[in-house]
Amino acid sequence: MAHGNFTRVTEFILTGVSERPDLQIPLFFVFLVIYGLTVTGNLSIITLTSVDSRLQTPMYFFLRHLAIINLGNSTVIAPKMLINFLVKKHTTSYYECAIQLGGFLVFIVAEVLMLAVMAYDRYVAICNPLLYMAVVSRRICLLLASLTYLYSFSTAVVASSSVFSVAYCSCNIINHFYCDIAPLLALSCSDTSFPETFVFISAATNLVFSIIIVLVSYFNIVLFILKIHSSEGRKKAFSTCVSHMMAVSVFYGTMIFMYAQPQTNHSMDTDKVASVFYTLVIPMLNPIIYSLRNKDVKAALKRYLTNPCCSFKLM
């Protein structure tokens, strides 16, 4: 494209989940309910694991941070998405788009890493219970959480900066409901090889690294559980990690479905469905998964609803 005849983009237009006018209001209420449940569920997990004295273990420390990540991921996407259902012009400024992409990358990378950290936590708790509080001490928990956020923030800054370092010319219609990398780079009128290469290597490295840690952790957990002679002991050991296994399966299943499909079958409509799932649906499901399958969380919620003043103490 000749660089002498173009208008530099100052704002983008988001096509949204659907361009059908008759679906805008129904979709608004559907996603409003989903976001409402996400906020309520994750704030409940954050509150319970912060103030209940019985939930001050490494497992619930990491669960609290997963809830923070899920809440952040949805909040970066959902409010703008809900507003666009109600207005005719679905515009977002250049810098607003960059901030949204950066925020999304921070939380999605943090979730990939936090799920790996939680798998390691379950491995130590089940396979080395006597050393658990020493190996996964509060200092180690804070270090792992800090490194997760630092790495995800650094990755997001480099990735979003590289995406917005390329030129965007006349076309400014993003075929998505938020500012994502692939539909943005599709609009560029300059060479996109660097951001595409960086994003591919970074995403592949993060995902493979996380999956390896999860698989190795649960492989060792399964081997350990099979060595337990009593059925009650096996059941107790398995019950401590079943919630995390469910959350991991849903999240990685969505990621694999999105990125492992052949390019010939790849479409932006498929990307939109997958994106709705891991930016809005999974953050809504995680609190449900962890509360329904976890006796400690259910007991803490019951104590809070019954007698919030006497059952809790601030930590």
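Modeller: Contact here means heavy atoms within 4.5 Å, and the model we are looking at is predicted.

Biologist: Which residues does Asp180 touch, not counting residues up to four places away in sequence?

Modeller: Asp180 sits in the loop that runs between strand 3 (173–174) and helix 6 (181–185). Once residues up to four places away in sequence are not counted, Asp180 touches Leu101, Phe104, Ser275 and Tyr278.

Biologist: How far from Asp180 is the nearest side chain of opposite charge?

Modeller: Asp180 is buried and yet has no salt bridge. A salt bridge needs a side-chain nitrogen of Lys or Arg within 4 Å of a carboxyl oxygen of Asp or Glu, whereas the nearest side chain of opposite charge to Asp180 belongs to Lys272, at 11 Å.

Biologist: Is Asp121, which meets Arg122 in a salt bridge, buried or exposed?

Modeller: The side chains of Asp121 and Arg122 come together at 3.0 Å, N to O, and Arg122 has a relative accessible area of 6%. Because buried means under 20% relative accessible area, Asp121, at 2% relative accessibility, counts as buried.

Biologist: Which helix gives the largest share of the largest nonpolar core?

Modeller: That core has 85 residues, and those with the most contacts inside it include Phe12 and Leu184. The largest share of this core, 20 residues, comes from helix 3 (residues 94–127).

Biologist: Which residues is Leu184 in contact with, leaving aside its neighbours within four places in sequence?

Modeller: Leu184 is one of the residues with the most contacts inside the largest nonpolar core. With those neighbours left aside, the contacts of Leu184 are Phe12, Cys97, Leu101, Val163, Phe164, Tyr168, Ile174 and Cys179.

Terms used: Residues are numbered from 1 along each chain as its sequence is written. This is a predicted model: local features need pLDDT of at least 70, side-chain atom pairs count only at pLDDT 80 or more; totals for chains, interfaces and linings use all residues. Side-chain values use heavy atoms; hydrogens and water are left out. A nonpolar core is a set of buried Ala, Val, Leu, Ile, Met, Phe, Trp, Tyr and Cys residues joined through side-chain atoms within 4.5 Å. Buried means under 20% relative accessible area, exposed over 50%, partly exposed in between (1.4 Å probe, protein chains only). Helices (H or I, at least four residues) and strands (E, at least two) are DSSP runs, numbered from the N terminus. Lys and Arg count as positive and Asp and Glu as negative; His and the chain ends are not counted.
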